[in-house]
Amino acid sequence: MVNINERYAKQMLLKDFGPEGQKKLAGGSVLIVGCGALGSIQSQLLVRAGVGRLRIVDRDVPEIGNLHRQILFDEADVEAGTPKAEVAGRKLPGANSSAVIDARVLEVTASNIDDLVADVDLVLDATDNFETRYLINDACIRHDKPWVYGGVIATSGMSMTIIPGKSPCLRCLFPEPPAPGTMPSMETEGVLGTAPVIVGALEATEAIKLLVGGKPREGLMTIDVWTGSFQAVPVIRDENCPACGQTR
Ligand SMILES: [Zn+2]
């Protein structure tokens, strides 16, 4: 039996949190799309914070080249070839047995995104590609669910919180998906393991805040862990946005 007061004592001391905030987290549900570097940190932070239900979707198996940044996995998982979502489903309850983990070994597509999004409170982007981010964006607008965009490359990262009907969406920021091969990728630029930890933590913070009723962060947060720069860039909502423009 989990003693709530003992487990979350330091968290419940936070301003605007308390036992009420903790109860809201326990009743909350989050979809994490992807279980790589970002999903590793988000899922652990949210489970430990006391979020009641997590759905984690990923189709891949961990590889040795993932281990420098994907902190949910270890060498034994690589050797066993167990899918990342399955490993998450097995390991996360060890951090907090009261969390319900709905881990799915699945590729997110246009035909399943609505079902994945429909019954959660909010969505965290832990993907590594824009195609899936646009699927998340459009589904979240259709279902009126907040979601948090996050991306990492080399030592830098970005994150933006999207509240359908209120804040700019991903298509307001980037109207068209970048053409394949035109964006820098981890394959060419690499990635430092600490960058996704920071971006994943920023996204998880937004999830916790939204679940307890806090004010979402505005604008596009850009970071560089190497130079130590953190900036919030204002983003304007596009009245003619193909995704969110008609819903105003
Ligand atoms: Zn938009």
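Two strands pair if DSSP finds at least two bridges between them, and in general the strands of a sheet pair through backbone hydrogen bonds, either parallel or antiparallel. With that in mind, the sheet of this predicted model can be described as an open one of 8 strands, in the order S3-S2-S1-S4-S5-S6-S7-S8 and with mixed pairing. Strand S3 (100-105) and strand S8 (229-233) stand at the edges, and because each has a single partner strand, one side of each is left without a neighbour in the sheet. From one strand to the next, the twist averages 15 degrees.

One pair in this sheet can be followed down to its residues. Strand S1 (residues 29-33) runs parallel to strand S2 (residues 53-58), and the two are joined over 5 bridges; at one of the paired positions, Ser29 has Arg53 in S2 as its bridge partner.

Helices also pack on the sheet, and the table sets out two of them with the strands that they touch.

| Helix | Strands touched | Angle between directions |
|---|---|---|
| H8 (residues 130-143) | S1, S4 (122-125), S5 (147-153), S6 (156-162) | about 165 degrees with S4 |
| H11 | S1, S4, S5, S6, S7 (220-224) | about 175 degrees with S5 |

Helix H11 has a helix partner as well. Two packed helices are described by the angle between their axes and the distance between the axes. For helix H4 (residues 37-49) and helix H11 (residues 194-211), the angle is about 40 degrees and the axes are 8 Å apart, which means that H4 is oblique to H11. The crossing of H4 and H11 is right-handed. On the side of H4, the contact is made by Ala37, Leu38, Ile41, Gln42, Leu45, Leu46 and Ala49, while H11 contributes Pro196, Val197, Val199, Gly200, Ala201, Glu203, Ala204, Ala207 and Ile208. By type, the residues of this contact divide into 13 nonpolar, 2 polar and 1 charged.

Turning to the chain as a whole, its secondary structure comes to 11 helices and 8 strands. How does its radius of gyration stand beside that of a compact globule with 248 residues? Such a globule would have a radius of gyration near 18 Å, and the chain has 17 Å, so the value agrees with a compact globule. Taken along the principal axes, the C-alpha atoms of the chain fill a box of roughly 50 × 45 × 40 Å.

Definitions and conventions: Residues are numbered from 1 along each chain as its sequence is written. This is a predicted model: local features need pLDDT of at least 70, side-chain atom pairs count only at pLDDT 80 or more; totals for chains, interfaces and linings use all residues. Axes are lines fitted to C-alpha atoms, for helices over the stretch in contact, and angles run from 0 to 180 degrees between N-to-C directions. Helices (H or I, at least four residues) and strands (E, at least two) are DSSP runs, numbered from the N terminus. Angles under 35 degrees count as roughly parallel, over 145 as roughly antiparallel, 65 to 115 as roughly perpendicular and the rest as oblique. A crossing is left-handed if the near helix is turned anticlockwise from the far one by less than a right angle, and right-handed if clockwise. Two residues are in contact if their C-beta atoms, placed from the backbone, lie within 7 Å. Ala, Val, Leu, Ile, Met, Phe, Trp, Tyr, Cys and Pro count as nonpolar, Asp, Glu, Lys and Arg as charged, and the others, Gly among them, as polar. The radius of gyration is taken over C-alpha atoms; the globule rule is 2.2 Å times the number of residues to the power 0.38.
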